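Subject: Structure handover

Hello,

Here is the structure we talked about handing over. My notes on it follow below.

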Amino acid sequence: MNTETNQQPVLFDDTLGLRQKAFHDTRLIVFTGISGSGKSTALKFLCDHHPSFSAGSRRWLWMTGLIPDVKPIRGHRLVVVDELCHPRQLPVVAKLLGQNQTIAVASHLRSAWFWPFRLAGLCRYYSTDGDCGKISRYLAQLGVPHTAGAVVEFCRRHGTSYVDLNCILERHPGRSLDHAIHLSGKLDQLTVEHQKRWRPVMPVIDGIRQPLG
């Protein structure tokens, strides 16, 4: 989840084909991937734009390292659980499943932690990593020139993280991604710092890009 206070609207790239999925009988939807790869934006799309959920009652729950009291959260069509980052928070998901129709989670845990849910047939599991094409499409949206080789190199170094990409482009606003990647490799080192206190910011979707094919 982005922590900047001024959140800019984004064009949601439906690279997972979520719009085409029917979630009417789905109990648990899990998105996993590196930070900045679009998990929270996928949750926002489901919550506000997907026809399976947009007409029902919804609730957004920030975990941020906490174990909240979820007894009052019941009877909703969809409950979104953002920033699930520790196995001790999984009982919260199980409790919410017993009280609501569908739960959608953005998780930083390994996929093995969700095997009990998957074996029970309760879970649809999606990874926001691995699609370099969404990085190319995002660069095209920004009007930043790039070669396929530069995109592959960026994904090799940083994964498919929009946040890391924006950091590199802002730090080295050259004429192309190729130029920025070259300078970043020589001069920079991107790291992830865990903050005890930070203010999560809700994604804002300004438009939706349909999946290819």
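Residues 24 or more positions apart make up 68% of the contacts in the protein with a separation of 6 or more. Please keep in mind that this is a predicted model.

Overall make-up

The secondary structure consists of 7 helices and 7 strands. Their order along the sequence is β-β-α-β-β-α-β-α-β-α-α-α-α-β. The protein has 213 residues, and 43% of them count as buried. Its accessible surface is about 11400 Å², with 51% of that belonging to carbon and sulfur atoms.

Nonpolar cores

In soluble globular proteins, nonpolar side chains tend to be buried together. Here the largest nonpolar core has 20 residues. Those with the most contacts inside this core are Leu28, Val81, Val93, Leu96, Ile103, Val105 and Phe117. Four elements each give two or more residues to the core: β2 (28-32), β4 (78-84), α2 (90-99) and β5 (102-107). The largest share, 5 residues, comes from α2. A second, separate core has 18 residues, among them Phe23, Ala42, Cys47 and Ala106.

Back in the largest core, what does Val93 touch, leaving aside its neighbours within four places in sequence? Val93 is in contact with Leu28, Leu84, Ile103, Val105 and Phe117.

Helix α1

Helix α1 covers residues 39-48, and because 9 of its 10 residues are buried, it is largely enclosed by the rest of the structure. The buried residues are Lys39, Ser40, Thr41, Ala42, Leu43, Lys44, Phe45, Leu46 and Cys47. The list includes Lys39 and Lys44, so check these two by eye when you open the file. Ala42 and Cys47, both in that list, also appear in the second core.

Helix α4 and its surroundings

Ile135 sits in helix α4, residues 132-142. Is Ile135 buried or exposed? Its relative accessibility is 0%, so Ile135 counts as buried. Not counting residues up to four places away in sequence, Ile135 touches Val151, Phe154, Cys155, Thr160, Ser161, Tyr162 and Leu165. Between Ile135 and Val152, which are 17 residues apart along the chain, the C-alpha separation is 9.4 Å.

There is also a polar contact of 2.6 Å between the side chains of Asp13 and Arg137. Asp13 belongs to strand β1, residues 10-13. With a relative accessible area of 10%, Asp13 is buried.

Aromatic pairs

A pair of aromatic rings is described by the distance of the centres and the angle of the planes. The structure holds 7 aromatic pairs. In one of them, the rings of Phe114 and Tyr125 have centres 6.2 Å apart and planes at 55°, so this pair is tilted. Phe114 is in the loop between β5 and α3 (115-119), while Tyr125 is in strand β6 (residues 123-127), so the pair ties together parts that are 11 residues apart in sequence. Phe114 is buried, at a relative accessible area of 0%.

Another pair is Tyr138 with Tyr162: the ring centres are 5.1 Å apart and the planes are at 65°, so the arrangement is edge-to-face. Tyr138 lies in helix α4 and Tyr162 in helix α6 (residues 162-171), so this pair ties together parts that are 24 residues apart in sequence. Tyr138 counts as buried at 17% relative accessibility, and Tyr162 counts as buried at 19%. Tyr162 is also one of the residues that Ile135 touches.

Phe114, Phe117 and Tyr125 form one aromatic cluster. Phe117 was named above among the residues with the most contacts in the largest core.

Strand β3

Arg59 is in strand β3, residues 58-62. At 36% relative accessibility, Arg59 counts as partly exposed. Apart from neighbours within four places in sequence, Arg59 is in contact with Ile73, His76, Leu78, Val79 and Val80. The C-alpha atoms of Arg59 and Arg74, 15 residues apart along the chain, are separated by 9.5 Å.

Cysteines

How many disulfides does the count give? The count comes to 0. Cys132 is partly exposed, with a relative accessible area of 27%. Cys167 is likewise partly exposed, at 35% relative accessibility.

Regards

Methods. Residues numbered from 1 in each chain as written. Predicted model: local features only at pLDDT ≥ 70, side-chain atom pairs only at ≥ 80, totals over all residues. Heavy atoms only, no water. Core = buried A, V, L, I, M, F, W, Y, C linked by side-chain atoms within 4.5 Å. Buried < 20%, exposed > 50% of the residue type's maximum accessible area, 1.4 Å probe, protein only. Contact = heavy atoms within 4.5 Å. Areas by Shrake-Rupley, 256 points an atom, 1.4 Å probe, with all protein chains shown as cover. Polar contact = N/O pair within 3.5 Å; in protein donor to acceptor, adjacent residues only side chain to side chain. Disulfide = S-S within 2.5 Å. Phe/Tyr/Trp six-rings, centres within 6.5 Å; stacked < 30°, edge-to-face > 60°.
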